[in-house]
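The following exercises are to be worked with the sequence and the three-dimensional structure at hand. Each task is followed by a solution in steps.

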Amino acid sequence: MEIRPLDQLTKIINDALNGTAKLHKSFKTFFVTTSILFLSMTKRKNFTQMALFSDCSESRFRQNFQKKFDWVRYNLAFCREKLRHRIAIAIDPSYIPKSGKHTPGTGYFWSGCESAAKWGLEILGIALVDADDRDAVHLRAVQTVDIVSKGRPPKYLAGMDNPNSLLAWYLKVIASQKDALLEVCKTIVADAYFSKKPFVDGLIDLGFNIISRFRSDVRLRYLYDGPKTGKRGRPKVYGDRVDIRNLDMNVFVSEDITSDDKLVTLYSSVVWSVGLKRKVKVVIVDCLEPGKKTQERKVFFSTETSMSAKDIMDIYRSRFQIEYLYRDAKQFTGLTHCQSRKRESPDFAFNMSLSSINVARFFPGAAACIFLSLM
């Protein structure tokens, strides 16, 4: 007996739902229906259009999109095989275009595509990235909102000058998902924007390590490993400043690796970061760009000093896979389509859109098979 693609997909989604908390049968049916709509609909994914293309009423979509759901547990079902690989948790904000002023959370946010601050919404995406397969699995997306917290800030925000800043909000999002994320991986990878002392200290206080990149003008110092003077006072901790253009090869270790069929040399060592005020494992790489007169050296780091240089480099490079999740969700599964003014509804819509990408990758050709079976 031939199994229809639609039945296969329904089984995949139901199996993933079994890993979450106990759900009502009606919500499971609604969830499966909505997932299939996000994969098969070619029109805008709003409540009116979804009601037209399904047996559910518009009010059912509006009501269920306001419910809370454990997206991390659900999406972990699509990355069980990756847990044996070199993995990390990638975080990255993404700009969502939005006109109007009445949707909760609208404001000016940085758009990487436009290289400017644009009016709209923003989400912080959390994904599991695989350095071996060069792939990413969406776990959770949280909308950036202007909620002012009062009272004493938590311990992980102790280093923040403003506990209501954007960087503090990102830390709060990670803290809200801490227990589920720590069960998967303790390494977080993020771009250079997050390589600031208050954020790094907050992550370490939550129990995570971080892999990121320093600015090109970073201040680093060699660790002092010489003889003790025997004089009074604090022993010498670090020595001269690190000149990334002229490294001390008695301290740094060079390693040649093959990356994209090119031979790349990594220079690594444990040094003292003046900005972070802690020891870090740095990996310095020559980033050759044809046509430029001066070539740039980039400095990557990990707060886990025992990590190998190759792992730091490979995991940081895999961070960009989260961008492909955003790209596919914006193009195919309606990441920018939600029109609700309820604060809870966009959160459900963003995560449904990105989680549908997980389903499509787990079941190749899902959207095409569904579309053909529904014709």
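A residue counts as buried when its relative accessible area is under 20%, and as exposed when that area is over 50%. The structure is a predicted model.

**Exercise 1. Determine where His 337 is found, and decide whether His 337 is buried or exposed.**

Solution.
Step 1. Helix 10 covers residues 321-332 and helix 11 covers residues 344-362; His 337 belongs to the loop between them.
Step 2. The relative accessible area of His 337 is 14%. The limit for a buried residue is 20%, and His 337 is therefore buried.
Step 3. With residues up to four places away in sequence set aside, His 337 touches Lys 43, Arg 44, Lys 45 and Asn 46.

**Exercise 2. Check the length of helix 10 against the expected span, and establish where its buried residues lie around the axis.**

Solution.
Step 1. Helix 10 has twelve residues, and at 1.5 Å a residue it should span 16 Å. The expected span takes 1.5 Å times one less than the number of residues. The end C-alpha atoms of helix 10 are 17 Å apart, which agrees.
Step 2. The buried residues in helix 10 are Gln 321, Ile 322, Leu 325, Tyr 326, Asp 328 and Ala 329.
Step 3. These residues lie on the same side of helix 10, because they cover an arc of only 170° around the axis. An α-helix has 3.6 residues a turn, so residues three or four places apart point the same way.
Step 4. The cover over the buried residues of helix 10 includes strand 1 (87-97), strand 3 (116-130), strand 4 (135-143), helix 9 (309-318) and helix 11.
Step 5. Just after helix 10, Gly 334 has a positive phi of about 70°.

**Exercise 3. Which residues touch the most other members of the largest nonpolar core, and what surrounds Phe 31 and Phe 199?**

Solution.
Step 1. The largest nonpolar core has 85 residues, of which Phe 31, Tyr 74 and Phe 199 touch the most other members.
Step 2. Phe 31 lies in helix 2 (residues 25-40). Its relative accessibility is 0%, so Phe 31 counts as buried.
Step 3. Not counting residues up to four places away in sequence, Phe 31 touches Ile 13, Leu 17, Phe 69, Trp 71, Tyr 74, Phe 348 and Met 352. Leu 17 is 14 residues from Phe 31 along the chain, and their C-alpha atoms are separated by 9.1 Å.
Step 4. Leaving aside neighbours within four places in sequence, the contacts of Phe 199 include Ile 91, Met 160, Leu 167, Tyr 170 and Leu 171. Ile 174, Phe 194 and Ile 210 are also in contact with Phe 199.
Step 5. Apart from the largest core lies another core, of 32 residues, among them Ile 96, Phe 300, Met 313 and Ile 315.

**Exercise 4. Identify how strand 6 and strand 11 are joined to strand 12.**

Solution.
Step 1. Strand 12 (residues 296-302) is mostly covered, with five of its seven residues buried.
Step 2. Strand 6 (residues 209-213) runs antiparallel to strand 12 and is joined to it by three bridges. Arg 213 stands opposite Phe 300 in strand 12.
Step 3. Strand 11 (residues 278-287) also runs antiparallel to strand 12, through seven bridges. Here Cys 287 stands opposite Glu 296 in strand 12.

Technical notes. Residues are numbered from 1 along each chain as its sequence is written. This is a predicted model: local features need pLDDT of at least 70, side-chain atom pairs count only at pLDDT 80 or more; totals for chains, interfaces and linings use all residues. Side-chain values use heavy atoms; hydrogens and water are left out. Helices (H or I, at least four residues) and strands (E, at least two) are DSSP runs, numbered from the N terminus. Buried means under 20% relative accessible area, exposed over 50%, partly exposed in between (1.4 Å probe, protein chains only). Contact means heavy atoms within 4.5 Å. A nonpolar core is a set of buried Ala, Val, Leu, Ile, Met, Phe, Trp, Tyr and Cys residues joined through side-chain atoms within 4.5 Å. The arc is that of the directions from the helix axis to the C-beta atoms. Two strands pair if DSSP finds at least two bridges between them.
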